[in-house]
Amino acid sequence: HLIFCVNIFILLQVCSYRVNTSTQTRIVMSETFLIDENICRQVLSLKLSGDTLEAELHKRGVAAEHMAEYLNSIKKIRNERRRSTGFICMAAGAFLGFLSCVLTITHALPHMYDFIMYGLTSIAVCIVVLGLYYVFE
């Protein structure tokens with residue numbers, strides 16, 4: 001059993017060495033390039049699209065060979081904003097739905113029972129669905 005464990009240990013070391021050398025080779029062969037997040041956020045705040053977006057990036061000094069990376073970064077930032085807005089909407093709708101459920105069960109406001117039961121619950125569901133739209137679009 002000891003020889004078997006030693007062989008497994010040596011095999012794992014050889015495999016990890018090969019993985020490390022291949023990633024190092026990949027890192028050396030690729031060009032080091034950092035995307036300026038400030039440029040992406042400034043261009044995104046202008047709410048441009050398509051060719052005007054590329055023209056604005058070009059005006060800000062982005063090289064043509066790095067344009068695709070900047071466009072991907074802008075798309076990623078836009079999606080992060082939409083996703084966070086979606087989660088906020090879902091949380092607000094869930095809280096409103098919970099509040100509606102509690103008020104309906106406790107019958108706290110008898111004269112507003114129908115509005116709480118049907119109106120507030122419907123509004124909560126609509127807000128949750130809007131949040132789901134933002135998250136999954």
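## Overall fold

A contact here means heavy atoms within 4.5 Å. On that basis, residues 24 or more positions apart supply 65% of the contacts in the protein chain with a separation of 6 or more. Keep in mind that this is a predicted model.

The protein chain has five helices and zero strands, so its pattern along the sequence reads α-α-α-α-α. Of its 137 residues, 19% count as buried. The accessible surface comes to about 10,400 Å², and carbon and sulfur atoms account for 67% of that.

## How far to trust it

Taken over the protein chain, the mean pLDDT is 79, with 76% of the residues at 70 or more. Confidence is spread unevenly between two of the helices: H1 (residues 2–29) has the lowest, at a mean of 44, while H5 has the highest, at 94.

Residues 13–30 deserve a second look. Their pLDDT stays under 50, and the model gives them zero contacts beyond four places in sequence.

## Helix H5 and its packing

Now for the helix with the highest confidence. H5 covers residues 113–136, which makes 24 residues, and it reaches 34 Å from its first C-alpha to its last. That is close to the 34 Å expected at 1.5 Å a residue.

Which residues of H5 are buried? They are Ile 116, Leu 120, Ala 124, Gly 131 and Val 135. The buried residues of H5 pack against helix H4, which runs over 67–106.

## A nonpolar patch on the surface

Phe 95, Phe 98, Leu 99 and Val 102 together make a nonpolar surface patch of about 390 Å². Val 102 has its place in helix H4. Its relative accessible area is 33%, so Val 102 is partly exposed. Patch members need over 30% relative accessible area, and Val 102 has 33%.

## Salt bridges around Glu 56

The structure holds four salt bridges. Glu 56, Lys 59 and Arg 60 are linked in a network of them. In one link, the side chains of Lys 59 and Glu 56 meet at 3.4 Å, N to O. Lys 59 and Glu 56 are three residues apart in helix H3 (residues 51–59), so about one helical turn separates them. In another link, the side chains of Glu 56 and Arg 60 meet at 3.0 Å, N to O.

How buried or exposed is each member of this network? Glu 56 is buried, with a relative accessible area of 13%. Lys 59 is exposed, at 66%, and Arg 60 is partly exposed, at 32%.

## A link from the chain end to H4

Glu 137 also forms a salt bridge, this time with Arg 82, and the closest N and O atoms are 2.2 Å apart. Glu 137 lies in the segment after H5 and Arg 82 in helix H4, so this pair ties together parts that are 55 residues apart in sequence.

As for the surroundings of the two partners, Glu 137 counts as exposed, at 55% relative accessibility. Arg 82 is partly exposed, with a relative accessible area of 25%. Helix H4 therefore comes up in three places: as the helix that the buried residues of H5 pack against, as the place of Val 102, and as the helix that holds Arg 82.

Technical notes:
Residues numbered from 1 in each chain as written. Predicted model: local features only at pLDDT ≥ 70, side-chain atom pairs only at ≥ 80, totals over all residues. Heavy atoms only, no water. Helix = DSSP H or I, 4+ residues; strand = E, 2+ residues; numbered from the N terminus. Expected span 1.5 Å × (residues − 1). Buried < 20%, exposed > 50% of the residue type's maximum accessible area, 1.4 Å probe, protein only. pLDDT = per-residue confidence, 0-100. Patch = residues over 30% accessible without salt bridge, like charges linked within 9 Å, V, L, I, M, F, W, Y side chains within 5 Å. Areas by Shrake-Rupley, 256 points an atom, 1.4 Å probe, with all protein chains shown as cover.
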